[in-house]
Amino acid sequence: MIVSFSTRRLRLFFLLVVAGLGLPASARTLLVDQRGHAEFLSIAAAVKVATPGDTIKLVPGSGPYREIVNITSSGTEGSPITLDGSDEVITGADPLTGFRKDGEAWVCDLAQYYTTAQPVQGFSKVNGRWTSKVTPAPVPFVVTYRGERLLQDSTTGQFTRYARLSDDRNTLVLLPGTDADGWEISVRSYVVKIETASHQVYQHIRATGSLNDGFNIHGDGRDLVFEDIEAFNNLDEGFSAHDTISCTVTRARLYRNDNGLTNANQSFMKGSDIVCRDNLGFGLYLQSASGDLDQIDCGGNGVGQLVLHMGATVTLGRVTLTPGKWTKKPWLSSQESGQDPAGQPLMKGSKLTINGNPPILLNP
């Protein structure tokens, strides 16, 4: 027997099914293009109207985006709020301008950044200048040249490529052969900031240039998913989860941050296919946190590759650790690892619970 429904009844039937499944009646894709080729000019504008089930998607080729991403609304189980970055860069940095010729050298005044910078973790302000417990003190921002972070030598405090600091550290002096264009400096505290939110997905995002973390997660939250992300050239961590956050991280590349990934307090992370390489201090660091870790690659980080501290609880699958070729920490770092010398590939504290496979140690 063939049963036919009117259009109205079919629509009612569909809505009832959707309601029974807990799905939104009309999940949307909110396109963002700061060039004006989509409905929203900024991520923040799309965030204001996003509801459970919606996807905020950056139009490919429309970046970089110079703003802090802060989605305060939670999705629901089965209907998260998703940010799809389309592999575009979201940055806490702005172009560094104001270069002038001083004799044969290009120079740029940094004093304004010392005096106007937002509060920076790991630094204190004395007589209008930012100082640090680390000696020689690191600068309280990230400076990049054509995408490459300028590192400071751990002994002298001087930049190792492209430029040097004047004796009073107020002036950036470019080395011969270095152009005055292509420079950026960090001015915003975060790239992606999450606080007490649940059921969110972040994918295909490249987070860089912040004064703190690329991905900073605090408070109480669950079902936070991070897929195919990069975090690089951030002054603190590439990724950091705190408090009672529960998250999943899959396919993450974290490099040239002060530390690659640092989770703390009672946070839990299920992590797989994570690469923490060439960070200034720690690669992957858990302090009083827990995690299930598989397909983890930590190598070439300045202090330690895998660091477990203060009651961390982990289950390890395949974890490979590759130390650097140095016996002394080569670069300054300003945060958790700032006062630590170069350590062992696996650095362990007290009251740890370690299950699964022992890490695999590879030659540098």
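**Exercise 1. Is Asp273 buried, exposed or partly exposed, and what is its phi?**

Step 1. Start with accessibility: Asp273 has a relative accessible area of 23%. Buried means under 20% relative accessible area, exposed means over 50%, and partly exposed is in between (1.4 Å probe, protein chains only). Asp273 is therefore partly exposed.

Step 2. Before going on, note that this is a predicted model, in which local features need pLDDT of at least 70, side-chain atom pairs count only at pLDDT 80 or more, and totals for chains, interfaces and linings use all residues. Residues are numbered from 1 along each chain as its sequence is written, and side-chain values use heavy atoms, with hydrogens and water left out.

Step 3. Now the backbone: Asp273 is not a glycine, yet its phi is positive, at about 55°. You will find Asp273 in strand E21 (residues 268-277). Strands (E, at least two residues) and helices (H or I, at least four) are DSSP runs, numbered from the N terminus.

**Exercise 2. Which strand holds Asp223, and what is the phi of Asp223?**

Step 1. Asp223 belongs to strand E17 (residues 220-232).

Step 2. Its phi is near 55°, a positive value in a residue other than glycine.

Step 3. For accessibility, Asp223 comes out at 36%, so Asp223 is partly exposed.

**Exercise 3. Where are the cis peptide bonds at Pro64 and Pro136?**

Step 1. Gly63 and Pro64 are joined by a cis peptide bond with omega of about 5°. Pro64 sits in the loop between strand E2 (55-58) and E3.

Step 2. From Thr135 to Pro136 the peptide bond is also cis, and omega there is near -5°. The loop that holds Pro136 runs between strand E8 (129-132) and strand E9 (143-145).

**Exercise 4. Why does Cys247 have no bond to Cys276?**

Step 1. Recall the chemistry: a disulfide is a covalent bond between the sulfur atoms of two cysteines. Here the cut-off is a pair of cysteine sulfur atoms within 2.5 Å.

Step 2. The closest cysteine sulfur to that of Cys247 is in Cys276, 13 Å away, which is too far for a bond.

Step 3. Across the whole structure, the search finds zero disulfides. Cys247 is buried, at 3% relative accessible area, and Cys108 counts as buried at 1%.

**Exercise 5. What is the strand order of the open sheet of seven strands, and which strands stand at the edges?**

Step 1. Read off the order: E14-E16-E18-E20-E22-E24-E27, with parallel pairing. Two strands pair if DSSP finds at least two bridges between them.

Step 2. At the edges stand strand E14 (192-195) and strand E27 (346-348). Each has a single partner strand, so one side of each is left without a neighbour in the sheet.

Step 3. From one strand to the next, the twist averages 10°. Axes are lines fitted to C-alpha atoms, for helices over the stretch in contact, and angles run from 0 to 180 degrees between N-to-C directions.

Step 4. Zoom in on one pair: E20 and E22 share four bridges in the parallel sense. Asn263 stands opposite Leu286 in E22.

**Exercise 6. What lines the largest pocket, and what lines the largest cavity?**

Step 1. Set the terms. On a 1 Å grid over the protein atoms alone, a cavity is a set of points where a 1.4 Å probe fits but cannot get out, while a pocket is an open set with protein on both sides within 12 Å along at least five of seven lines; lining residues have an atom within 4 Å of a point. Grid points are joined across faces, edges and corners, and a volume is the space filled by probe spheres set on the points.

Step 2. The largest pocket holds about 220 Å³. Its lining has 18 residues, with Thr144, Gly147, Glu184, Thr208 and Phe232 nearest the centre. E13 gives the largest share of that lining, three residues.

Step 3. Sort the pocket lining by class: six nonpolar, eight polar and four charged. Ala, Val, Leu, Ile, Met, Phe, Trp, Tyr, Cys and Pro count as nonpolar, Asp, Glu, Lys and Arg as charged, and the others, Gly among them, as polar.

Step 4. Turn to the cavity: the search finds one of 30 Å³ or more. The largest cavity has a volume of about 100 Å³, and 16 residues line it, including Val139, Arg149 and Leu280. By class, that cavity lining has 11 nonpolar, three polar and two charged residues.
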